[in-house]
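Please walk through this structure with me, from the confidence of the model to its cores, its aromatic rings and its charged pairs.

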Amino acid sequence: MLLSLLAVVPFAFCLYMVHLAVRRRHGNALQSSFAAHRFDTPDGPVGGASLRVVKASNQVSRHTSNVPAEVFWYCVGPGPSYFLAIAQVRMKGRRFEVDWTVRPLTEERMRAALAGDRKATALAFG
């Protein structure tokens, strides 16, 4: 019994390490594609790296091994400008592909979207 348990522990550890590696690749794919995406602001077009993500929400698909399949980021940019950036993530071969849909928000809609989240509201509006 103890011997079989000792055989399972390294296997479980390896599975956990693979899971962490997949999540890290997922996060890197999201960040790099977001940074490269262009957003129209009152100050002109800017890259995603110029925006501040004030709230993130993930939707996990049962087909993606607990890696978020849709990600909703509420962002603030120069001007000020407000956005809801929705990423749809899918695996293609061994890599992640990310498609962004960006919705500009008015200040009122941003406040409504962040209602009840004091931290995100403070990040967005001071």
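**A guided reading of the model**

R111 has a relative accessibility of 40% and therefore counts as partly exposed. Its salt-bridge partner is E107, with the closest N and O atoms 3.1 Å apart, and E107, at 34% relative accessibility, is likewise counted as partly exposed. Because E107 and R111 are 4 residues apart in helix 2, which covers residues 107-114, about one helical turn separates them.

Before going further, it should be said that this is a predicted model. The mean pLDDT of the chain is 82, and 72% of its residues reach 70 or more. Within the chain, confidence is highest in helix 2, at a mean of 97, and lowest in helix 1 (residues 2-36), at a mean of 68. Where pLDDT is low, the predicted coordinates should not be read in detail. That caution is worth keeping in mind when helix 1 returns below as a contributor to the largest nonpolar core.

The pair in helix 2 belongs to a set of 4 salt bridges found in a search of the whole structure. Two others of this set meet at R90: one is formed with E97, where the closest N and O atoms are 3.1 Å apart, and another with D99, where the N to O distance is 2.6 Å. Through these shared partners, R90, E97 and D99 are joined into one network. How are the members of this network placed with respect to the surface, buried or partly exposed? E97 has a relative accessible area of 18%, and because buried means under 20%, E97 counts as buried. R90, by contrast, is partly exposed at 39%, and D99 is partly exposed at 38%.

From the charged pairs we turn to the nonpolar interior. The largest nonpolar core has 16 residues, of which L30, F34, W73 and W100 touch the most other members. Helix 1, strand 4 (68-77), strand 5 (81-92) and strand 6 (95-105) each supply at least two residues of this core, and the largest share, 4 residues, comes from strand 5. Apart from this core lies another, of 11 residues, which includes V54, Y74, Y82 and A120.

F34 offers a convenient route into the largest core, as it is one of the residues there that touch the most other members. F34 is buried, with a relative accessible area of 4%, and, leaving aside residues up to four places away in sequence, it touches F39, G48, A49, L51, V53, W73, C75, A85 and W100.

Several of these neighbours are aromatic, which leads to the ring pairs. What describes a pair of aromatic rings? Such a pair is described by the distance of the centres and the angle of the planes. The structure contains 6 aromatic pairs. In the pair of F34 and W100, the ring centres are 5.2 Å apart and the planes stand at 55 degrees, so the pair is classed as tilted. Since F34 lies in helix 1 and W100 in strand 6, this pair ties together parts that are 66 residues apart in sequence. W100, at 13% relative accessibility, counts as buried. F34 and W100 also belong, together with F39, W73 and F83, to one aromatic cluster.

F83, a member of that cluster, is also among the residues touched by T41. T41 is found in strand 1 (residues 38-41) and is buried, with a relative accessible area of 10%. The side chain of T41 reaches the backbone oxygen of G44 at 2.6 Å. Not counting residues up to four places away in sequence, T41 touches V46, P78 and S81 as well as F83.

The last stop is A120, one of the residues named above in the core of 11. A120 is found in helix 3, which covers residues 118-125, and is buried, with a relative accessible area of 1%. Outside the residues up to four places away in sequence, A120 touches V54, K55 and L114; of these, V54 is named with A120 as a member of the core of 11 residues. The C-alpha atoms of A120 and C75, which are 45 residues apart along the chain, are separated by 9.8 Å.

Technical notes: Residues are numbered from 1 along each chain as its sequence is written. This is a predicted model: local features need pLDDT of at least 70, side-chain atom pairs count only at pLDDT 80 or more; totals for chains, interfaces and linings use all residues. Side-chain values use heavy atoms; hydrogens and water are left out. Buried means under 20% relative accessible area, exposed over 50%, partly exposed in between (1.4 Å probe, protein chains only). Contact means heavy atoms within 4.5 Å. A salt bridge is a side-chain nitrogen of Lys or Arg within 4 Å of a carboxyl oxygen of Asp or Glu. pLDDT is the predictor's confidence in each residue, from 0 to 100. A polar contact is a pair of N or O atoms within 3.5 Å; within protein, one must be able to donate a hydrogen and the other to accept it, and residues adjacent in sequence count only if both atoms are side-chain atoms. A nonpolar core is a set of buried Ala, Val, Leu, Ile, Met, Phe, Trp, Tyr and Cys residues joined through side-chain atoms within 4.5 Å. Rings of Phe, Tyr and Trp (its six-membered ring) pair if their centres lie within 6.5 Å; planes under 30 degrees apart count as stacked, over 60 as edge-to-face and the rest as tilted.
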